[in-house]
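Student: Could you take me through one part of this structure up close? I would like to look at the metal site and what surrounds it.

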Amino acid sequence: MYILGIETSCDETAAGVVQDGTAVLSSKISSQIEVHHRYGGVVPELASRKHIEAIVPVVAEAVSDSGIKTHQIDAVAVTRGPGLVGALLVGFSFAKAFAYSLGIPLIGVNHLEGHINSVFLEPQAPPFPFVALLVSGGHTGIYYVTSHTAVELMGQTRDDAAGEAFDKVAKLLGLGYPGGGVIDRLSKEGNPKKIVFTRPYLDKSDFDFSFSGIKTAVRHYVDKHPSVFKSRIADIAAGFQAAVVEVLAYKLINAALKKECGHIAVVGGVAANSNLRDRVRHDAERKGLKVYIPSVKLCGDNAAMIAAAGFHYLNAGMQTGLDDDVFSRAK
Ligand code: KG4
Ligand code: ZN
């Protein structure tokens, strides 16, 4: 079965074709980073306007690259939320029109379940149940996943998402937007033990997170050392990243142990972080847990993951009406 996936929840216009929820035939992403970079964050109205320009060319390219013809597409899966409403509406309206004109099902997908289903696009996919850490720019949570469409939230951030913390710290260090990739690269030149930042919630037995305290600690450090912080920037980045990664890895592994579950996954934009990937693999091996992390290109927002989730929604009979709406916040 061929599913066309469409994703426009934030600042990436993406489309892709996936066969049977596992084989990526195409995955196109048109990024708006250039547009938002100068504002230091995503400007919602500009995001919507860029989506409306890009949606038709991106879908056309995704279909043409997939090697199948439009009439062979069995269903359209599209991100329904959470995300920026104006941005979501572009993809959602386009998908409705596409489904309506071809007379095929429309499947509105929860973006977070899209990220979780990204692990099934790799040859080594986890068996159910597994425990997933979802770390992105908008969300950070730990989920107990019992099927493609059933996830139980075990804990989540009480303030900033992990990716948001990376972006805010990069901004205050003058490293630009988005900050995750830059901090990841810069940290490799720094010593993570030179400047030690707080590890919030590490001593709590639940699976909630808090990242705004680490961000504030970095700001205090910068304010206290205005003349030298530039020369210590790699150490600050490495110290900050080490603090975030330690909390994420520790809570994920403890969540798996609590559920007596031997399989764990890390998904979402921050799953691209090299230190997080290494740390989770290292710590999990010591506890005898098997780790699943998608390749870097499937960690950030993409439409292949939406198509993969859509395939399973369809199998579960979960279709969306042509008179349905998007949603901005996680339900
Ligand atoms: O999943 P995603 O593409 O979009 C959302 O759904 O939010 O995640 C984007 C986030 C951004 O905050 C970005 O800074 C972060 O992922 N990110 C990283 C890395 N690459 C992207 N964070 C840490 N290390 C990275 N290598
Ligand atoms: Zn995302």
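Tutor: Happy to! Let's start at the zinc ion (ligand 2), whose site is irregular, with angles of 94 to 141 degrees among its four donor atoms. A site with four donors counts as tetrahedral if all angles lie between 85 and 135 degrees, so the upper value of 141 degrees for the zinc ion (ligand 2) falls outside that range. Keep in mind as we go that this is a predicted model.

Which protein atoms hold the zinc ion (ligand 2)? They are NE2 of His 111, NE2 of His 115 and OD of Asp 301, at 2.0 to 2.1 Å from the ion. Written along the chain, the spacing of these donors is H-x3-H-x185-D. The pair of His 115 and Asp 301 links distant parts of the chain, since the two residues are 186 residues apart. His 115 belongs to helix H4, while Asp 301 sits in the loop between strand E10 (290-292) and helix H10 (304-315).

Now let your eye move to ligand 1, where some of these residues turn up again. His 115 has a polar side-chain atom 3.2 Å from an oxygen atom of ligand 1, and Asp 301 is among the residues that come nearest to ligand 1. The others in that nearest group are Gly 137, Asp 167, Asp 184 and Asn 273, out of 19 residues around the ligand. For Gly 137, the contact is made through the backbone: a polar atom there lies 2.8 Å from an oxygen atom of ligand 1. Asp 167 uses its side chain instead, with an N or O atom 2.7 Å from an oxygen atom of the ligand.

How much of ligand 1 does the protein cover? On its own the ligand has 560 Å² of accessible area, and the protein covers 84% of it. Helix H4 (111-117), helix H5 (162-172) and helix H6 (180-187) are the elements that each give two or more residues to this shell. By residue type, the shell around ligand 1 has twelve polar, four nonpolar and three charged members.

Finally, here is where ligand 1 sits in the overall layout. Both domain 1 (2-117 + 299-315) and domain 2 (126-293) give residues to its shell, so ligand 1 lies between the two domains.

While you are following helices H5 and H6, have a look at the loop between them, which holds Pro 178. The peptide bond from Tyr 177 to Pro 178 is cis, with omega near -10 degrees.

Key:
Residues numbered from 1 in each chain as written. Chains lettered and ligands numbered in written order. Predicted model: local features only at pLDDT ≥ 70, side-chain atom pairs only at ≥ 80, totals over all residues. Heavy atoms only, no water. Near = heavy atom within 4 Å. Polar contact = N/O pair within 3.5 Å; in protein donor to acceptor, adjacent residues only side chain to side chain. Areas by Shrake-Rupley, 256 points an atom, 1.4 Å probe, with all protein chains shown as cover. Helix = DSSP H or I, 4+ residues; strand = E, 2+ residues; numbered from the N terminus. Nonpolar A, V, L, I, M, F, W, Y, C, P; charged D, E, K, R; others polar. Domains from an automatic or database assignment. Donors = N, O, S within 2.8 Å, 3.2 Å for Na, K, Ca; no water. Tetrahedral: all angles 85-135°; square planar, octahedral: opposite > 155°, others 65-115°.
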